[in-house]
Amino acid sequence: MKPIQMVDLKGQYRKIKQQIDNSIQEVIDSAAFINGPEVKNFQKELEEYLDVKHVIPCANGTDALQIAMMGLGLEQGDEVITVDFTFAATVEVIALLKLTPVLVDVESATFNMDIDALKKAITPKTKAIVPVHLFGQCANMEAILEIAREHNLYVIEDNAQAIGADYTFSNGTTKKAGTMGNVGTTSFFPSKNLGCYGDGGAIFTNDDELANTLRGIVNHGMYKRYYHDVVGVNSRLDSIQATVLRAKLPNLDNYCDTRRKAAEYYNNAFADSENIITPITSNFTTHVFHQYTLNLIGVDRNALHQYLLDNGIPNAIYYPVPLHSQKAYADNRYNEDDFMVTNQLVQTVISLPMHTEFEEDQLQFITQTILDFIN
Ligand SMILES: Cc1ncc(COP(=O)(O)O)c(C=O)c1O
């Protein structure tokens with residue numbers, strides 16, 4: 001059996017090596033390292049794939065969130081609602097911009113924003129909602145967009161983990177994750193479903209005016225060379241990353257299918273276990289399994305984590321601490337009773353290896369080792 005990886009980026013690279021190597025060499029030969037034609041080409045191809053009017057490439061997914069919030073003109077003291085159970089980048093940029101983060105609980109079944117908790121958190125100061133499409137499936141966007149309309153709030157989708165997922169509204173319309181709110185963001189961190197070979201990110205919007213504002217902000221607030229109309233940042237996707245992403249984008253749907261097949265193998269193997277809740281996909285979204293995360297019942301999660309490591313099976317705890325309990329984001333505005341689900345999930349979840357390069361004996365070994373531990 002091949003050694004098991006949490007994410008097998010080398011195996012994925014080997015299959016497209018020639019194409020990647022050639023295109024990287026072409027970028028080097030062209031010396032167009034920043035804002036070269038490859039960035040523009042990738043932008044256009046991603047716009048087409050997502051069926052969105054504007055993609056604004058940038059340096060990483062954290063910048064993408066920050067720039068989106070700057071572009072919407074959010075100001076100090078504005079409240080921005082996001083989830084307690086996610087990677088810290090989401091709340092980090094809210095705090096960095098001196099906006100007020102308001103953390104809410106998630107649903108135990110999907111790990112995504114709890115709609116009742118969202119409704120409860122809205123105040124006259126609320127200006128935006130940031131749903132995170134966690135682990136690869138969309139949050140309940142129909143409900144979130146309805147609430148946003150009712151209260152005149154912006155919706156910024158943090159789509160770092162669900163690029164390629166499809167959302168179906170009750171009227172039958174289907175949209176790609178990240179293209180439903182006022183603005184969506186993503187990360188091309190190497191281990192993401194569409195990952196480059198360094199840092200990268202992008203912002204999506206169908207709003208022409210906002211797109212224009214964002215294009216200036218990513219480039220020092222310049223709309224005309226050396227004329228700085230607004231305070232901006234330096235956040236560019238470089239041409240080498242863009243060319244890697246161009247090679248991988250045509251494979252994205254196939255990558256998502258391959259991940260779904262691995263998830264199905266795991267689901268079937270654990271179907272009879274009373275101690276394991278396998279991921280539940282909401283009926284309005286597809287799941288692209290950025291992570292495959294179990295919720296354990298009556299199992300010593302930390303002991304399983306160590307047992308798997310001892311048996312050569314990488315695994316991870318996403319996430320071990322609720323954001324409202326992190327030193328940087330703790331606040332006496334928060335009440336533990338409002339985070340019952342997150343407080344429990346941080347103790348019971350475990351994410352298994354998930355990537356595009358599994359061989360069946362690896363999946364068999366992973367699932368059998370887990371079942372041996374539990375039984
Ligand atoms: C939900 C979420 N948001 C934002 C980010 C930030 O992306 P980046 O690492 O590209 O800055 C990540 C990356 O892990 C993420 O998982």
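**Strands, cover and charge pairs**

Q: Which residue in E9 is the bridge partner of Cys58?
A: Cys58 has Gly201 as its bridge partner in E9. This is a predicted model, and here five bridges join E1 to E9, with the two strands running antiparallel.

Q: What makes E8 and E9 a strand pair?
A: Strands pair if at least two bridges are found between them. E8 and E9 are joined by four bridges and run antiparallel, so they qualify as a pair. Gly184, for example, stands opposite Phe204 in E9.

Q: Where do these strands sit in the wider sheet?
A: They belong to an open sheet of seven strands, with the order E1-E9-E8-E5-E4-E2-E3 and mixed pairing. The edges are strand E1 (54-58) and strand E3 (100-104), each of which pairs on one side only. On average, neighbouring strands of this sheet are turned by 25° against each other, direction ignored.

Q: What makes E2 and E3 a pair, and in which sense do they run?
A: Strand E2 (residues 79-83) and E3 share five bridges and run in the parallel sense. Pairing requires at least two bridges, so E2 and E3 count as paired. Thr82 is found opposite Leu103 in E3.

Q: Which helices lie on this sheet?
A: Helix H4 (residues 61-71) lies across E1, strand E4 (126-130), strand E5 (154-158), strand E8 (183-187) and strand E9 (201-205), and runs at about 160° to E8. Helix H8 (residues 208-217) packs on the sheet as well, touching E1, E8 and E9, and its direction makes about 15° with that of E1.

Q: How do you know that E9 is largely enclosed by the rest of the structure?
A: Count its residues: five of the five are buried, so E9 is largely enclosed. In a regular strand, side chains alternate between the two faces of the sheet. For E9 both faces are covered, with Gly201, Ile203 and Thr205 buried on one side and Ala202 and Phe204 buried on the other.

Q: Why is Thr185 called buried?
A: Buried means a relative accessible area under 20%. Thr185 has 0%, so it is buried. This residue is found in strand E8. Leaving aside neighbours within four places in sequence, its contacts include Ala64, Leu65 and Ala68, as well as Ile156, Ala202 and Phe204.

Q: What makes E13 another enclosed strand?
A: Five of the five residues of strand E13 (residues 292-296) are buried, so this strand is largely enclosed too. Tyr292, Leu294 and Leu296 are buried on one side, and Thr293 and Asn295 on the other.

Q: Which strands pair with E13?
A: Strand E12 (residues 276-277) is joined to E13 by two bridges, running antiparallel, and Ile276 has Leu296 as its bridge partner. E13 also runs antiparallel to strand E14 (residues 349-352), with four bridges between them, and Asn295 stands opposite Val349.

Q: Why is the contact between Lys2 and Asp8 called a salt bridge?
A: Side chains of opposite charge can pair when their charged atoms come close. The cut-off is 4 Å between a side-chain nitrogen of Lys or Arg and a carboxyl oxygen of Asp or Glu. For Lys2 and Asp8 the closest N and O atoms are 3.9 Å apart, so the pair falls within the limit. Lys2 is partly exposed at 30%, whereas Asp8 counts as buried at 9%. Lys2, Asp8 and Glu359 are linked in a network of salt bridges.

Q: What separates Asp21 and Lys17 along helix H2?
A: They are four residues apart, which means a separation of about one helical turn. They form a salt bridge, with the closest N and O atoms 2.6 Å apart.

Q: Why are Asp331 and Arg333 both called partly exposed?
A: Partly exposed is the range between under 20%, which is buried, and over 50%, which is exposed. Asp331 has 31% and Arg333 has 42%, so both belong in that range. Their side chains meet in a salt bridge at 3.3 Å, N to O. A search of the whole structure finds 13 salt bridges.

Q: What makes Phe33 eligible for a surface patch?
A: Patch residues need over 30% relative accessible area and no salt bridge. Phe33 is partly exposed at 37%, so it clears the area cut-off. Together with Ile28 and Ile34, Phe33 makes a nonpolar surface patch of about 260 Å². Phe33 is found in the loop between helix H2 (17-30) and helix H3 (37-50).

Note on methods. Residues are numbered from 1 along each chain as its sequence is written. This is a predicted model: local features need pLDDT of at least 70, side-chain atom pairs count only at pLDDT 80 or more; totals for chains, interfaces and linings use all residues. Side-chain values use heavy atoms; hydrogens and water are left out. Patches are made of residues with over 30% relative accessible area and no salt bridge: like charges are joined within 9 Å, nonpolar side chains (Val, Leu, Ile, Met, Phe, Trp, Tyr) within 5 Å. Accessible areas come from the Shrake-Rupley method with a 1.4 Å probe; for residues, only the protein chains shown count as cover. Buried means under 20% relative accessible area, exposed over 50%, partly exposed in between (1.4 Å probe, protein chains only). Axes are lines fitted to C-alpha atoms, for helices over the stretch in contact, and angles run from 0 to 180 degrees between N-to-C directions. Contact means heavy atoms within 4.5 Å.
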